[in-house]
Amino acid sequence: MVLCPVIGKLLHKRVVLASASPRRQEILSNAGLRFEVVPSRFKEKLDKASFATPYEYAMETAKQKALEVATRMHQKDLRTPDVVIGADTIVTVGGLILEKPVDKQDAYRMLSRLSGKEHSVFTGVAIVHCSSNDRQLHTRVSEFYEETTVKFSELSEELLWEYIHSGEPMDKAGGYGIQALGGMLVESVHGDFLNVVGFPLNHFCKQLVELYYPPRPEDLRQPVQHDSIPAVDTFEDLSDVEGGGSEPAQRETGSRDEKAEVGAAGQATAEAECHRTRATLPPFPTRLLELLDGFKLSKALLTACKLKVFDWLKREAPQKAPDIASKVDASACGTEKLLDVCAAMGLLEKTQQGYSNTETANLYLASDSEYSLHGFMLQNNDVIWNLFTYLEFAIREGRNQHHRVLGKKVEDLFQDAYYRSPETQLRFMQAMHGVAKLTARQVATAFDLSRFSSACDVGGCTGALARELAREYPRLQVTVFDLPDVVELAVHFQPAGPQAAQIHFAAGDFFRDPLPSAELYVLCRILHNWSDDKVHKLLSKVAESCKPGAGLLLVETLLDEEKREAQGGLIQSLNMLVQTEGRQRSRGEYQCLLELHGFHQVQVVHLEGVLDAMLATRVAP
Ligand SMILES: Cc1cn([C@@H]2O[C@H](COP(=O)(O)OP(=O)(O)OP(=O)(O)O)[C@@H](O)[C@H]2O)c(=O)[nH]c1=O
């Protein structure tokens with residue numbers, strides 16, 4: 001539902017939010033705006049000293065974020081958006097500008113500065129209208145800012161560190177999130193709350209009114225007192241029955257004072273116009289159609305990986321479609337279409353000279369890159385994709401679908417499905433290796449594990465996490481415990497290095513064989529594969545192997561208790577259904593499981609991306 005009619009002005013336009021902030025996305029989609037999200041690559045490094053005021057800095061940063069996205073999209077043929085929205089939130093205290101903390105110490109410095117004091121939160125917003133003429137991009141920028149003052153209570157050291165360890169401060173200006181745990185630190189707020197969260201929605205609507213309903217001379221003469229966005233209206237088609245055009249006013253925005261006057265008059269015009277417009281059109285289902293197309297985009301990405309397009313382009317670029325087609329042994333017309341979609345998805349750059357990899361493709365999609373996800377892509381293409389084609393059966397039957405894909409009974413998930421041949425096993429291990437490498441550093445550093453001198457990574461596969469643990473804790477000896485076939489192949493994944501002496505592999509089945517002894521057990525993305533019975537079996541084995549004081553590091557994607565919000569976890573839950581015997585669980589469910597098996601003092605840290613890490617201590621039985 002669209003309460004603010006001026007939002008309707010944007011419904012039929014291609015609107016892009018140039019922001020990775022999930023809060024901004026939520027605020028704007030809750031307001032009924034339909035938009036694509038293209039995070040800006042503009043580095044927030046403007047010289048703060050060169051701005052007379054903090055809000056000028058925030059507005060300029062917002063503008064640069066939006067312009068970077070507009071330019072990038074325009075360069076990618078036919079992708080010029082109509083409107084790009086950029087925003088930047090900063091916190092100011094005692095003349096200092098605070099942005100997102102770079103690490104926990106930085107968060108500590110910021111929050112201790114804010115403790116017991118009042119500070120300002122400024123969000124600068126830029127609305128960039130784009131058009132293209134003779135392949136030239138033309139932009140018109142309208143910008144504004146909003147200020148809110150926030151007062152913090154006195155924060156004790158203990159509360160401060162507990163808050164920092166929750167992980168919440170790290171992606172937030174000033175190191176806090178008023179909308180979540182950080183709300184507990186706040187004594188009072190003066191001004192727009194959503195401005196603190198990251199987007200001043202009210203001011204944004206007023207700005208749109210100024211842009212889309214330029215005042216007529218007679219309106220300017222009427223005294224208009226109230227200071228609100230236009231009256232409530234639902235799904236009104238704001239097509240311009242009586243002139244005015246659907247394009248925004250063709251004037252640059254003036255000073256703040258000028259804008260305020262014109263804005264009030266503009267609102268009156270808007271209300272008048274709302275009463276004049278009568279035709280109704282439901283909002284265009286952009287998001288729905290994007291969801292529908294999602295599987296086609298995934299398949300295009302997976303096919304390009306399978307054909308090793310990104311490997312060829314990493315070796316030599318730019319290259320034209322027919323050259324790549326001959327290298328990947330495919331038709332020129334098909335290859336060109338695939339490459340164009342990859343460019344539209346932001347995986348390739350397309351210029352007159354041909355196609356080249358983007359940084360993302362070089363980093364993650366080429367098979368020889370250090371953090372390559374190529375193996376994971378192949379596992380998705382060759383295995384998971386097929387399983388998902390039977391999603392309907394999985395839902396009806398409540399079980400995985402390997403038997404349908406393989407045409408035979410699958411008793412043992414790993415031996416009969418993933419490890420049924422050396423090729424399928426290697427592909428699975430490569431996939432797990434890529435994913436584990438990507439997240440291993442975060443897992444290894446989520447908690448201070450320095451009190452342990454030995455660890456056992458149960459189901460640790462290629463040893464990617466073991467390696468990071470060894471790097472982080474030089475006196476830690478890590479045993480990777482996995483099936484004999486896995487241990488045999490794992491040696492191929494071991495780079496030489498000083499950590500090699502700290503890592504050992506032990507072969508066995510964690511459901512049947514004794515676990516190697518250790519002070520810390522690690523179960524990283526293991527439990528979600530298994531039914532409740534098997535989870536109990538494994539946890540009781542781990543508990544039996546532990547002395548009091550031993551630790552258990554559990555890493556999973558946690559669902560929220562209501563199973564409503566954690567989209568990554570919910571998709572993973574579906575994934576577990578079609579692929580495994582297990583499911584995702586919530587923090588509460590894991591806490592109960594851990595306590596049932598004698599593990600207490602459970603600490604939880606949310607890691608970047610979708611994973612959560614839990615550390616619990618074994619108490620005396
Ligand atoms: C004070 C406060 C800030 N934030 C978030 O802090 C980020 C600011 O950083 P930014 O540079 O403006 O944005 P970003 O997250 O880097 O995204 P981008 O727009 O891509 O630069 C935004 O996320 C905001 O929500 C909250 O979620 N709650 C709060 O109480």
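Begin with the whole chain in view, shown as a surface: the chain exposes about 29300 Å², and carbon and sulfur atoms supply 53% of that area. What you have open is a predicted model, and each stop below should be read with that in mind.

Switching the display to a cartoon brings out 24 helices and 16 strands. If you then colour by burial, buried residues account for 50% of the 621 residues in the chain. Of the contacts between residues at least 6 apart in sequence, 72% join residues that are at least 24 apart.

Next, select residues 286-306, which form helix α10. How far apart are the end C-alpha atoms of this helix? They are 30 Å apart, which agrees with the 30 Å that 21 residues should span at 1.5 Å a residue. Looking along α10, stop at Asp293, where the helix bends by about 40 degrees.

Now show the side chains of Ala300, Leu301, Leu302, Ala304 and Cys305, which are the buried residues of α10. In an α-helix there are 3.6 residues a turn, so residues three or four places apart point the same way. To see what lies over the buried residues of α10, add the helices α11 (309-315), α13 (332-344), α14 (359-365) and α15 (374-388), which are included in their cover. Before leaving this region, select Lys308, which follows α10 and has a positive phi, near 65 degrees.

The next stop concerns aromatic rings, of which the structure holds 16 pairs. Select Phe511 and Trp530: their ring centres are 5.0 Å apart and their planes stand at 90 degrees, over the 60 degrees that the class requires, so the pair is edge-to-face. Phe511 lies in the loop between β12 (503-507) and β13 (520-524), whereas Trp530 lies in the loop between β13 and α22 (532-545), so the pair ties together parts that are 19 residues apart in sequence. Are these two residues buried or exposed? Both Phe511 and Trp530 are buried.

Keeping those two selected, add Phe414, Tyr418, Tyr419, Phe428 and Phe510, because ring pairs link these residues with Phe511 and Trp530 into a cluster.

Finish with two places where a charged side chain meets a ring. Select Lys437 together with Tyr371, and you will find the charged end of Lys437 over the ring of Tyr371, 5.3 Å from its centre. Then select Arg618 with Phe599, where the charged end of Arg618 sits over the ring of Phe599, 5.9 Å from its centre.

Conventions
Residues numbered from 1 in each chain as written. Predicted model: local features only at pLDDT ≥ 70, side-chain atom pairs only at ≥ 80, totals over all residues. Heavy atoms only, no water. Helix = DSSP H or I, 4+ residues; strand = E, 2+ residues; numbered from the N terminus. Expected span 1.5 Å × (residues − 1). Bend = angle between axes of the 7 residues up to and from the residue. Buried < 20%, exposed > 50% of the residue type's maximum accessible area, 1.4 Å probe, protein only. Contact = heavy atoms within 4.5 Å. Areas by Shrake-Rupley, 256 points an atom, 1.4 Å probe, with all protein chains shown as cover. Phe/Tyr/Trp six-rings, centres within 6.5 Å; stacked < 30°, edge-to-face > 60°. Lys NZ or Arg CZ within 6 Å of the ring centre and 35° of its normal.
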